[in-house]
Every structure is written in structure tokens, then in C-alpha cells.
Amino acid sequence: SPPLAPGWYEVRGNLEVRAGKAMLPSLYVRYAEGSALANTELTLSGPDATGRVSALLLFYDTVQSLAFYPSIYPARFVMHDFSLRRVSRWHALRHMLGGPRLGTQGPGSAGRALAWSRSVTGRGLKRATDGLYADYRRRLHPPGLGDYEIWTRKYDTLSAIELAAFRRRAQALDDRGPLISLLLAVDDIPAPSLRRCLDRVLDQVWARWELCVVDRATRAPQVSSVLAEYARRDARIRVMRCERDENIAEASNAVLAMARGEFVALLDADDQLRPHALLRVAESIVADSGLAIVYSDEDRLDPAGQRIDPHFKPDWNPDLLRSRNYFGHLTSIRAALVREAGGFRAGLEDSRDYDLILRCVEQVEPEQIRHIPEILCHRHVTADRATTGRDATQVAATGARALTEHLQRIGADAEIESSGLPPGYHRVRWHLPRPVPKASLIIPTRDRLELLRTCVESILAKSTHPDFEIVVVDNQSGDGATLRYLRELETRENVRVLRYDAPFNYSAINNWAAHQCDGPLIGLVNNDIEVITPDWLEEMAGFAARPDTGAVGAMLYYPDDTIQHAGVLLGMLGLAGHIGAKKPRGWAGHAGRGLVAQNLSAVTGACLLVRREVFEEVGGLDERLPVAFNDIDFCLRVRARGYRNVWTPFAELYHHESASRGDDDTVEKMARSNSEVAFMQARWGQALREDPAYNPNLSLQSQHFELAFPPRDGAATTLG
């Protein structure tokens, strides 16, 4: 059959189940060759009590093929009366408002939907429907079944066939792989929890491991009994008992001394390794003998044993590591490196893993750190071992000390600042060099006086950075009030007005203006920006002044205090998208990433700071991208030069997005927009789908770190 054009479609049909059950019927969408979009799986509704299946679909690009999967469980079924038809955007909106599982079925629902549709046309039908679609997709899931449970059932549940395949892979690797020493210090953990941990170690398909255990459970004889039982069952389990009440650091060093493996893996008694966990670590090490640190994704088990709270991590991300210990479990480190770093340190027991990881990463190159984007470890949540308020305070204090000493060792002019973050999260304040570098803030503008005045006056009135200038670039303004305000600005201290008398080209305007000013820091600032936090410029400049840093971006909000930009993720809908768009202020994001500074592949040019030398090294903005994506392209070229781009949530500003330029709603604008998309895809290709700051288990159809259905290449390897 011919390919399907992008747009809205409705699928209907009946699914009669003869045996088994139909759970989570879905369509697998394969986009046409050359598309930048990742293939995806869309869950359908039902079947309901009558066997009816119905769902609305939005295809973002040309679709080459569709495959229907009636259930994630074995079933015998009959399909009939299935149809797929293209529908209008109006129809899509009515379907979402009155369609399956929205609670608005019944007489008059279509009329109410139409009335609501007309009420939102002022902000655009496209935005209204696109905004509803993500919520609609979530509502199609069966009641009581969460996204992560669906995801694990579909893509990350080991079958007997897959487990056998992992065993064959382990046997094929044979003795070429490393001996991995699991380090476990045991205290007063309940015996059932300890048994679960030990059983999962014994289940490993990779045989070249040893479990080195130190028994600190002086008041829990049943723990000693369990350890002795397991040591008798398998000679690879080696147990030593503390003769005195050693602290956890001393005990951890004692168990480290027992280790004979090439790599050591840090294990807690609440951890449960998956059967293929150590195999995946071993395979990574065999594939790259230079690796020094390997870490994986993880999740948790609730008291009933249900998988919850996945943590899908980015690749090596030094600023995120300085914000929190995102490595977590399962982390494996070359044993020689651990010993060279000094092992575990007294006084930092509550953050001993974090402290050790910080000391180890200081001694290796980024390419020696490897992330496995797969859930390899579950951490059990048990009520009897819940963290108390005092424990959380202690963890925060020792974590801050470990991080402070790390900053001192690497010679960073920075300090940890208390910022009301959850325990285990940190804000690093990077001090400005002396003398303080001047920041030249370039603001292109054309008319729209109310926006420009708000922008300029908020910067002048609120900014506390000691040395900055505002460079307003007038691009053919014709409004009399705007021209009078520009003349007034020319008389103000720290403000200059330049005239750029040529057709609008955002890249060309900023490149030209950058040559007209002398600040060692260049700021790209839209004329619809408004300052919130007075120290926004110091926060961004502290990062930008570091020699390893490229572009620095800020947290931007819409005027209604929802997020406009919390950084940029590559690959969103084929190119790039803003993290957290329309989420409420204070949104924590996936694993708390919305709360802390981190490295991202790109940030928006609406408020971007960069050292002049970096800007000039990459040749500024590419003038072949006159309106869109010039900032993304700039950040990627900066990254290609070896710099790390940074986003910080502690520089907060409002952004009235596109208020001065308007939407791409004419034939000419749409043609220009399409050419810019084509330019980006031709230049960056596969890089747009491989963002190291993201994770292939997360969706490229969402800006909110939602799960990928299915995971992309290189992610979850089990398809149960």
C-alpha cells in the first residue's frame, strides 16, 4: 500500500477474543526511510465489552507501514471491520473531547466539544489539538495500569527464551571477560531482604563474579546465619565478620581489601540485580578495554515487588554529577582506580558512594566512563528501612562535604550554596573571575515597544551583575513611539543602540552586533525577555567563564508561570524541543533534573551566554539559518569543538515567545521554515536522534521525559 501522509487519523474495528485476553492492543508505526522520527508504538483503547477498538492517531511524518499487535499476552482472536481514515483537525479535537475514556460521552458531547473548540481558536486550532494529544494518549491506558508498568510488560520483562539467549552470550564471552567483585557491607537488614539480594546475585548468567561481604550485623544474629548459609552454597560468596563495631567506611574498606576482581561493583543489601546485569557490564568492558567506570539505569521495587520510579540516566554529565549522584546503582569501577583514589573515607559514610565516584572521575578521561541505558538494578523500598528526617539531613551534609572537597581538588573557584533543594541535590555557585568579565547583551528588535521596554528596563532595574552593557540592535523599526524610546536609550548609561538596515536575519544581526561590542562575554537576548532573578547574569556568567564551557542557558517561563524552556533535547519530533514546555513552575522533571544545573546538548538563543572566544572560534551563528534553529546549530558546533553546554534553573526569566515575530502562518514563512529543518537534518543527521544528555528509553515525541514506546536502538534489550 502507498505511504500515509502526515496528519490526523482515526482507527476503528472489532477484536473478538476466542482464548486468552487482549491487553494493550497497539499499532507499531514505521516512518518512511529518511525520516528523522523514531518509529513508535501507539496504544489503542479497548477492546471494550463489545470488542470495539477505537483511537485517534497523529502521524508527524510520512508513514511507511503499520503493524497491529492485539495483545501483549498470548491470545486467539478474530479481527473484523477494521478501518483507518484520515480526519480533519476539527474532527480530532471533537474526538479527544468526547472520545474514549474522557468521561464526556453521551448526548450533546460533540456539541460541547465544538463549542469548546470555537472558544480556543483565538490561540490557534493547531496548538489546541496538539496540546490535548499527549493527555489523550495517556487516557487510553487501562484504568489502574501506569505507564511504567505497561512499558515493563511490553519491553523489559525477561522471557525464558531471552534468558537462555543471555546465557549463551555469557558462555560465548567465556574467560575473556573480567572478574567482577561485588562489594556488600551488611548491617541490621531484615533477613528476607538480604535473601532477595543474595538470590539475585546467584541468578546471574555471567559466572565470573565474586561477592565480598562484610558482616556488621552485631545485633542481628539471623543475618550472620543467612550469610553463612549462602557462603556454604556458593564458594564465590566470601564473608568476613567485623570483630568490633567498625563504621561503614572501615567495613567497606575491609571488603574492598578482599576483592580479587578487575572491577568492583558497589552493592547495597536492598539492591536486586537483574539476571543479565553483570553480563551487560562484562560485555561493555570487553568491547572497550579502556573503560574505567560503567553505570546503568535503575528503578525501584515497592513493598509488593512492583517496579516503580525508573531512573533513565544520561551519558557522562559532569555538571549533573556535581548536582547529585546520578550514577547510583549499578556502578562498576576498575578496582585499581578505587584503590588509587583511596577507597572509602571516614566521616563521609552516609555519602560514601558519591564521595568515591567523585574522586574516581577526577582521574579518568570522559571516554573511559560508559553508561548502559538499561535497567540492570532494582532498589527495594521497605517501610522498615525508610529514611528519617535526621538521616536525610546527614546525607545532605556529607554529600555537600564530598562535593566541596571535590571542587577543591579540581581547583574550581566555586562553593556549595544552600538553595532549598531536596536532600542529595546540590547547587554549585561558580564564582566570577577577577576582574569580572563584561557581558555584552545583544537584543535585536523591531517595533513592539511594550516588549522592548519591559526587557530593557527589567535588565537595568533588576540585574546585579557588576559589569554589563545592553546593545539594542534596531532592525528597521518604523513605529514612532519605538523610535522615540530608542533615542532615549542612547542617552542611558550602559546602553547602546545600533541600526541594522537590512531584512531580518537573526543570525546575521547577532554576528554583526557581536563585532560592534567588546565584552568578553556575549549574551544573546530576545526582546521579549523579562528578568525574574536579579543574579541571573552572575549565575550564567559563572558557568560561561569556565574554560571547558560553551553556551549557557537559563530557565524561561511563560507569563503564566509555566515553563517555556528548561533546556533543549535533540530529536524531539525529528529535530529538537524545549524540555518541560507548559509544565508548572517548580516541575522537578525526570529524577529531579528540572531542579539542578546540568550539561545539555543545546539551549535556546532566547537567553544564551557564551565567551567571545568560543563564539568566534565556531564562526558565530550560521546565517543560512535566518530565523529558526540557529541556536541549536550553534550549540552543536560548540559541542563538536569539545566544549560542554550548560543549562541552569537558577537563572530565571520570563519569555513572551515569538510575540514580536509571530507564527509561521504564511506560505513564505512555511517555505523558509521547511528549508531550515532540511538544513539541520542534512547537517546533523543521526546526531539529532542520539542526544547524550537524554536516554533512548525515553520518548522523542514528548518534551517531558515520557517513556518511549518502543525504546529506541541501544536501549532496553528485552522484549517480553
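Is Glu613 buried or exposed, and what is its relative accessible area?

**Exercise 1. Work out the surroundings of the Arg611 and Glu613 pair.**

Before starting, keep in mind that this is a predicted model.

Step 1: take Glu613. Its relative accessible area is 52%. The cut-off for exposed is over 50%, so Glu613 is exposed.

Step 2: turn to Arg611. Here the relative accessible area is 7%, and buried means under 20%, so Arg611 is buried.

Step 3: look at the side chains together. Arg611 and Glu613 meet in a salt bridge, with 3.7 Å from N to O. The cut-off is 4 Å, so the pair qualifies. A buried residue is thus paired with an exposed one.

**Exercise 2. Sort out two more salt bridges, and say how far apart in sequence the partners lie.**

Step 1: start with Arg280 and Glu283. Their closest N and O atoms are 2.7 Å apart.

Step 2: place them. Both sit in helix α9 (residues 277–287), 3 residues apart, which means about one helical turn lies between them. An α-helix has 3.6 residues a turn, so residues three or four places apart point the same way. Arg280 and Glu283 are both buried.

Step 3: move on to Arg683 and Asp633, whose side chains form a salt bridge at 2.7 Å, N to O. This pair ties together distant parts of the chain: Arg683 belongs to helix α20 and Asp633 to helix α19 (residues 630–640), with their positions 50 residues apart.

Step 4: check accessibility. Arg683 is partly exposed at 31%, whereas Asp633 is buried at 0%.

Step 5: zoom out. Arg345, Asp355, Arg359, Arg401 and Glu405 are joined into one network by salt bridges that share partners. Across the whole structure, a search turns up 51 salt bridges.

**Exercise 3. Describe helix α14 and find what covers its buried residues.**

Step 1: get the length. Helix α14 runs over residues 449–462, 14 residues in total, and spans 19 Å from first C-alpha to last. That is close to the 20 Å expected at 1.5 Å a residue.

Step 2: list the buried positions. They are Leu449, Leu451, Leu452, Cys455, Val456, Ser458 and Ile459.

Step 3: find the cover. It includes the strands β18, β19 (468–474), β21 (521–525) and β22 (529–531), along with the helices α15 and α17 (536–544).

**Exercise 4. Track down the backbone oddities: which peptide bonds are cis, and which residues carry a positive phi?**

Step 1: check prolines. The bond joining Arg434 and Pro435 is cis, with omega about 0°. Pro435 lies in the loop between β17 (427–430) and β18 (439–445). Another cis bond runs from Phe709 to Pro710, again with omega near 0°, and Pro710 is in the segment after α20 (667–684).

Step 2: check phi. Asn494 has a phi near 70°, positive in a residue other than glycine. Asn494 sits in the loop between α15 (480–489) and β20 and is partly exposed at 41%. Ala591, also not a glycine, has a positive phi of about 55°. Ala591 is in the loop between β26 (576–578) and β27 (598–599), partly exposed at 23%.

**Exercise 5. Compare two loop residues, Asn505 and Lys582.**

Step 1: Asn505 is in the loop between β20 (495–499) and α16 (506–514). Its relative accessible area is 15%, so Asn505 is buried.

Step 2: follow the Asn505 side chain. One of its polar atoms lies 2.9 Å from the backbone nitrogen of Ala508. Leaving aside neighbours within four places in sequence, Asn505 touches Glu623, Leu625 and Pro626.

Step 3: Lys582 is in the loop between β26 and β27, and at 48% relative accessibility it is partly exposed. Beyond neighbours within four places in sequence, Lys582 contacts Tyr558, Asp560, Thr562 and Ile563. Lys582 and Tyr558 are 24 residues apart in sequence, with 8.0 Å from C-alpha to C-alpha.

**Exercise 6. Finish with the chain as a whole.**

Step 1: count elements. The protein chain has 20 helices and 29 strands.

Step 2: judge burial. Of its 720 residues, 55% count as buried.

Step 3: look at contacts. Among those with a separation of 6 or more, 79% come from residues 24 or more positions apart.

Definitions and conventions
Residues are numbered from 1 along each chain as its sequence is written. This is a predicted model: local features need pLDDT of at least 70, side-chain atom pairs count only at pLDDT 80 or more; totals for chains, interfaces and linings use all residues. Side-chain values use heavy atoms; hydrogens and water are left out. Helices (H or I, at least four residues) and strands (E, at least two) are DSSP runs, numbered from the N terminus. Buried means under 20% relative accessible area, exposed over 50%, partly exposed in between (1.4 Å probe, protein chains only). A polar contact is a pair of N or O atoms within 3.5 Å; within protein, one must be able to donate a hydrogen and the other to accept it, and residues adjacent in sequence count only if both atoms are side-chain atoms. Contact means heavy atoms within 4.5 Å. The expected span of a helix is 1.5 Å times one less than its number of residues.
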